[in-house]
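Me: Could you take a close look at one part of this protein for me? I'd like to hear about the cavity and the strands and helices around it.

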Amino acid sequence: MSVRTLAALLTRRTRQLPGRPAPGDLVADVRDVRVTLGGRRVLTDVCLEIRAGQVLALVGPNGAGKSTLLAALAADLPAESGTVRIDGRLAADWSPPELALRRAVLPQSAALSFPFTVEEVVRMGRAPWAGTRAEDEDDPAVASAMATTEVAEFAQRSFGALSGGERARVALARVLAQRAPLLLLDEPTAALDLRHQELVLRVCQERAAAGDAVVVVLHDLGLAAAYADHAAVLHEGSVAADGPPGEVFDAKLLSSVYRQPVEVLPHPRTGTPLVLPRRDVQRGEPRP
């Protein structure tokens with residue numbers, strides 16, 4: 001028996017593979033989480049539930065704690081207090097290989113020091129499945145992820161030679177190739193043009209429809225309203241509101257949270273909330 005075969009057998013025996021959650025199942029939850037960074041309280045007693053089959057958008061102004069909450073949920077950032085559970089267990093109790101089978105993380109920016117090709121970067125998403133029965137799905141998973149994010153046409157180009165938007169789509173393809181039941185995406189649309197912003201959010205919807213749980217940090221409230229099933233509005237490290245966008249995207253609340261007067265109007269065709277800044281406020285007039 002070769003060393004590689006032996007290692008694969010040992011991996012199969014020691015790693016607990018995740019099952020597929022049913023729609024509505026609790027995939028992850030955050031309870032009373034507090035995080036302090038650099039002596040400043042960034043999150044205070046945050047509670048959230050993440051369920052299979054749903055897109056949850058984290059929205060709020062700069063500094064509200066969205067990325068910190070995502071990092072805590074991913075178990076990449078330890079909480080000062082409170083609990084984070086993934087797949088029914090404390091996130092800290094999963095080994096890194098087991099955790100990588102259960103959640104895939106897209107950070108705000110992707111940088112690599114070596115000249116990997118696009119396909120090689122996407123294939124990195126399959127690393128958690130090495131030595132498992134799902135290893136046979138590597139090639140179709142990579143091909144599907146690249147096709148979905150429209151990066152297959154430059155599969156052999158160097159990642160470092162891509163534009164910012166192209167890199168963002170390759171990074172998303174890596175996350176999709178990982179095929180974890182929980183996707184954690186930090187501002188995946190930030191570097192993208194209009195067409196690819198819509199593509200990314202459609203992909204989020206498609207993954208949720210396929211049974212995954214998707215948590216996405218967004219600045220564009222219009223995208224959140226159009227594509228998210230649930231939204232959590234963060235304000236100064238706490239959840240100011242949590243529920244369907246049609247319920248929580250309230251003009252008074254958003255004006256207060258963003259310190260910018262807004263109005264919320266129904267889309268004339270779909271009824272989806274449209275959040276627009278009020279530009280008729282005179283200079284010097286008190287703002288919320």
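Reply: Happy to! A cavity here is a set of grid points where a 1.4 Å probe fits but cannot get out. Please keep in mind that this is a predicted model, with a mean pLDDT of 91 for the chain and 92% of its residues at 70 or more. Residues 1–13 are a stretch to treat with care, since pLDDT stays under 50 there.

By that definition, the structure holds one cavity of 30 Å³ or more. The volume of the largest cavity is about 40 Å³. Its lining is made up of E49, I50, R51, Q54, V55, L56, V214 and H230. The elements that each give two or more residues to this lining are β2 and β3 (55–59), and β2 gives the most, with three residues. By character, the lining residues divide into four nonpolar, two polar and two charged.

Let's follow β2 first. This strand belongs to an open sheet of four strands in the order β2-β1-β4-β5, with antiparallel pairing. β2 (40–51) and β5 (89–90) stand at the edges with a single partner strand each, so one side of each has no neighbour in the sheet. For β2, the partner is β1 (residues 26–37), joined to β2 by eight antiparallel bridges. One pair to look for is V33, whose bridge partner in β2 is V46.

Now for β3, which sits in another open sheet, this one of six strands in the order β6-β7-β8-β3-β9-β10, with mixed pairing. At the edges stand β6 (103–106) and β10 (238–243), each with a single partner strand, so one side of each is left without a neighbour in the sheet. On average, neighbouring strands of this sheet are turned by 15° against each other, direction ignored. β3 pairs with strand β8 (residues 213–217) in the parallel sense, over four bridges. Within that pairing, A57 has V216 in β8 as its bridge partner. As general background, side chains in a regular strand alternate between the two faces of the sheet.

Two helices also lie across β3. Helix α2 (residues 66–73) lies across β3, β7 (182–186), β8 and β9 (230–235), and runs at about 150° to β7. Helix α10 (residues 251–258) lies across β3, β9 and β10, running at about 40° to β9.

To pull the picture together, the cavity takes lining residues from β2 and β3; β2 is an edge strand of the four-stranded sheet, while β3 stands between β8 and β9 in the six-stranded one.

Terms used: Residues numbered from 1 in each chain as written. Predicted model: local features only at pLDDT ≥ 70, side-chain atom pairs only at ≥ 80, totals over all residues. Heavy atoms only, no water. pLDDT = per-residue confidence, 0-100. Contact = heavy atoms within 4.5 Å. Pairing = 2+ DSSP bridges. 1 Å grid on protein atoms, 1.4 Å probe; cavity = no way out; pocket = protein on both sides within 12 Å on 5 of 7 lines; lining within 4 Å. Points joined across faces, edges and corners; volume = space filled by probe spheres on them. Nonpolar A, V, L, I, M, F, W, Y, C, P; charged D, E, K, R; others polar. Axes fitted to C-alpha atoms, helices over the stretch in contact; angles between N-to-C directions.
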